[in-house]
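Here is a set of questions about the labels used for one protein model. Each answer sets a value against its definition.

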Amino acid sequence: MICFSRNIVTGPFPSSSPIQLHFQNQNLPPKNSLKTQNPPPKRSIKIWARKSIIQEENEEPIGVEEVTAKGSGTTARGRRLLKVREEKRKREYDRIHNYPSWAKVLEDACKDDTELRAVLGDSIGNPELMRQRVEQRVRQKGRDFNKTKTGSVLAFKVSFRDFNPIDSHIWFELYGAPSDRDVELIGSVIQSWYVMGRLGAFNSSNLQLANSSMEHDPTYDADKGSTVMPSSFHDIGDVEFQDNWGRVWVDLGTCDFFAIDVLLNCLTVLSSEYLGIQQVVFGGRRMGDWEEGMTSSEYGYKNFKI
């Protein structure tokens with residue numbers, strides 16, 4: 001049974017009423033005292049309501065917490081879900097309005113830069129961890145860690161400007177100032193090209209297998225190969241760079257122009273796979289903002305010794 005406690009004025013109750021009254025104070029005043037002019041005092045009465053009045057016979061009693069929850073219009077689960085939604089909304093607001101702009105730039109750059117994406121890893125979304133990853137990479141690889149390392153999908157332009165095979169420069173225009181790795185890469189290609197030419201590789205007079213069919217085992221005449229006039233790459237200078245322009249001085253000697261085809265074939269793959277090249281110019285005295293005699297690294301000068 002559920003107990004309701006309140007102050008009521010005593011009075012007669014029908015005998016057939018389902019409510020049973022129990023007076024805490026059984027010492028009622030005499031009957032004749034009720035006839036006095038003073039109103040009867042209020043007494044504290046506890047009322048026990050029969051279970052059948054409030055709920056069905058087979059139902060469980062109604063708890064205090066349930067009554068309170070229904071009265072407020074919410075439940076404990078609903079309040080928890082509301083709190084979770086508020087916290088999520090606050091985090092989203094902080095991410096949009098308080099997220100550092102530099103972190104957003106790095107996230108956008110990761111979409112097109114696989115190397116930068118590998119550097120940041122799972123730190124994306126955590127500005128502090130992103131900063132630590134970048135600082136660590138800078139310490140490991142130096143200031144050039146974010147230079148372009150991938151190739152270009154565009155083919156480079158080739159032009160000739162009064163090219164003299166025995167005394168001319170070959171110029172390379174890149175998409176940006178090269179890193180030390182880029183200088184090492186393109187310098188190694190030029191050095192290999194020179195070594196092959198020095199050993200007589202670029203001799204079009206002895207191309208016995210160039211037009212041979214490989215359906216059957218070809219034959220090679222060694223005597224003929226040894227009697228042709230040799231060709232030799234005479235000399236070459238160091239590969240130099242000022243900002244995004246590079247050059248190398250060459251003296252092809254007795255090499256055929258076949259040597260230029262070989263070089264361009266190498267540079268084509270180099271540009272598309274590793275280092276983007278905008279154009280290659282054979283000949284010419286001065287390209288871009290090249291300044292003769294400027295060999296200070298403080299002004300963007302780099303070189304590769306051959």
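The questions below cover burial, helix faces, helix length and disulfides.

This is a predicted model, where local features need pLDDT of at least 70, side-chain atom pairs count only at pLDDT 80 or more, and totals for chains, interfaces and linings use all residues. Residues are numbered from 1 along each chain as its sequence is written, and side-chain values use heavy atoms, with hydrogens and water left out.

Q: Why is Ser-271 called buried?
A: Buried means under 20% relative accessible area, exposed over 50%, and partly exposed in between (1.4 Å probe, protein chains only). Ser-271 has 2%, so the label is buried.

Q: Which residues does Ser-271 touch, not counting residues up to four places away in sequence?
A: Contact means heavy atoms within 4.5 Å. Gly-151, Ser-152, Phe-156, Gly-276 and Ile-277 meet Ser-271 on those terms. Ser-271 itself sits in helix α9 (residues 258–273). Helices (H or I, at least four residues) and strands (E, at least two) are DSSP runs, numbered from the N terminus.

Q: What makes Cys-110 count as buried?
A: Its relative accessibility is 3%, so Cys-110 counts as buried. Cys-255 counts as buried too, at 10%.

Q: How many disulfides does the structure hold?
A: Zero. A disulfide here is a pair of cysteine sulfur atoms within 2.5 Å.

Q: How do you know that the buried residues of α4 line one face of the helix?
A: The buried residues of α4 (residues 101–110) are Ala-103, Leu-106, Glu-107 and Cys-110. Seen down the axis, they fall within an arc of 100 degrees, so they line one face. The arc is that of the directions from the helix axis to the C-beta atoms. Exposed Ser-101 and Val-105 are on the face turned away from the buried side.

Q: What span is expected of helix α7, at 1.5 Å a residue?
A: The expected span is 1.5 Å times one less than the number of residues. Helix α7 (residues 180–198) has 19 residues, which gives 27 Å. From first C-alpha to last, α7 reaches 26 Å, close to that value.

Q: What puts the buried residues of α7 on the same side?
A: Buried residues in α7 include Asp-182, Ile-186, Trp-193 and Gly-197. The buried residues of α7 cover an arc of only 155 degrees around the axis, which puts them on the same side. Their cover includes β5 (168–174), β8 (245–251) and α9. Just after α7, Gly-200 takes a positive phi of about 85 degrees.
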